[in-house]
Amino acid sequence: MKDKLKSRRAIWGSKLAFILAAAGSAIGLGNIWRFPMMVGRNGGAVFVVVYLLAVALIGFTVMLAELAIGRHTLKNPVGAFEHIKPGTAWKAIGYLGVVTAVAILSYYSVVAGWAIGYIIKTAGGAFRNLGGPEAASAATSRAFETLVSNPWQVILLLLAMIGATAYIVSRGIKEGIERWSKILMPLLFLIVVFLAVRALTLPGAGAGVSFYLKPDFSKLNGTVILFAVGQAFFSLSLGLGTMLTYGSYIRRSDNLVTSAGWVSFADTAIAFLAGIIIFPTLFAIPGIEPAEGPALVFKVLPLIFSKIPLGQLFGFLFFVLLFIASLTSTISILEVPVAYLVDEKKWSRPRAAWLVGLLAFTLGVPSALSSGGDSLLTRLRIQHWMDFIFGSIALAAGALLIALFTGYVWKVKNAAQEIRCGAPRFRLEKFWSLAIRFLAPAVILIILVSQFFSQ
Ligand code: TRP
């Protein structure tokens, strides 16, 4: 769609088209891979509670701000801040977003590459007849280690993922992918619900349900809050300008408040259900720890497929859908630097897409090589640190700056005026104007500073 930008800027066909595209960006590995990993590492249910609060109070607030900035300026992230406050340093928020996008794309695509690896594995019948609980856990763990400790395989899968992303972005995102995700996202939702029901009915699922849903508030601490807020930004695609860019294609007559509400709700529902699949299964078939880390869902999911009729087929279908959900996310990440280079630097779209893709691939290689075997990179936990620095800290910093900019520089009354186009009764205005000026900046600032001192 952005090919047409040079002459006239494109807009989403309808409010629903925006909601689906934005949900396609938001729903991805963040929900199915990162969320359960974070829950497992940060005390279980207590993390879930803080996460839900973070989405409702802070994530939603920042999303509305990003959409308003985008629709008001009709620009990419760098151009948007320059448009509202010309000649000031505020456009640095846009540059931060561009850099963070390339970094996140690099390691995100490594994990998406694993999903492609699992499509191949399930198609080949890798998880049939896993045997008793111990043997099954050992087999799925072994399968994961074999995949990630094969350097050529992970690099090739990374290349495939970034190649597919760059190809779609080079053509403009409208074609194909949007039509596809309208059919495939609801299908993903149905499979996720089906698997959640199966997981809940496994004998011994109860322990997993209480780990996931019965909060133990003695486990609450600053780190839990940092990761919960960071996860909310990551999962809702906030803090680097994705939603700002998508917002720049929304018509003035569409309601930003209800749109942001639907996107946040859909994203949260999928993440919540992913947890309902993972934790009951994990506790019902012991052998894998909740705090397992990046390997968690890849080791646990095959266990549930072995417990359902036609499990092979469901497993295969699930990983295909996970791959597509990731692809609708990676394109929205790559779109940020590409929109910047096309709009501001007058690059051609294909050149921008392929060169930034190449950069992200190069940057992704160390992450790809850092998850298996006993190499130096593995011991340095490169992928872990990339995710921590860019996926948690940089997004939080970006969101903080966006909140401060909206609240104090652009000013809430101007932002609210933009939001009121299409939403004549902006019922949450009071809440939003307080949250964007005080609640969101204070919470983010406190967690960033405390994190700084605890490292
Ligand atoms: N939200 C996506 C997911 O959960 C990933 C993503 C897309 C993203 N765009 C983003 C994360 C922008 C941070 C910022 O998988």
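1. Let's start with a term: on a 1 Å grid over the protein atoms alone, a cavity is a set of points where a 1.4 Å probe fits but cannot get out, and a residue counts as lining if it has an atom within 4 Å of a point. Keep in mind that this is a predicted model, where local features need pLDDT of at least 70, side-chain atom pairs count only at pLDDT 80 or more, and totals for chains, interfaces and linings use all residues. Residues are numbered from 1 along each chain as its sequence is written, and side-chain values use heavy atoms, with hydrogens and water left out.

2. How many cavities of 30 Å³ or more are there? The count is four, and the largest has a volume of about 150 Å³ (the space filled by probe spheres set on the points, which are joined across faces, edges and corners).

3. Have a look at the walls of the largest cavity: 15 residues line it, and Ser 25, Ile 104, Phe 234, Ser 237 and Ile 333 lie nearest its centre. Helix 1 (15-26), helix 5 (92-123), helix 10 (222-235) and helix 14 (311-344) each give at least two residues to this lining, with helix 14 supplying the largest share, three residues. Helices here are DSSP runs (H or I, at least four residues), numbered from the N terminus.

4. What sits in the largest cavity? The ligand does, meaning that more than half of its atoms lie within 2 Å of the cavity's grid points. Around the ligand are 17 residues, the closest being Ala 26, Gly 30, Tyr 108, Phe 234 and Ser 237 (a heavy atom within 4 Å counts as near).

5. The shell around the ligand divides into eight nonpolar, nine polar and no charged residues; Gly counts as polar in this scheme. The lining of the largest cavity has no charged residues either, with nine nonpolar and six polar.

6. Now the polar contacts, meaning pairs of N or O atoms within 3.5 Å. A backbone N or O atom of Leu 29 is 3.2 Å from a ligand oxygen atom. For Ser 235, a backbone N or O atom lies 3.1 Å from a ligand nitrogen atom.

How values were computed. On a 1 Å grid over the protein atoms alone, a cavity is a set of points where a 1.4 Å probe fits but cannot get out, and a pocket is an open set with protein on both sides within 12 Å along at least five of seven lines; lining residues have an atom within 4 Å of a point. A polar contact is a pair of N or O atoms within 3.5 Å; within protein, one must be able to donate a hydrogen and the other to accept it, and residues adjacent in sequence count only if both atoms are side-chain atoms.
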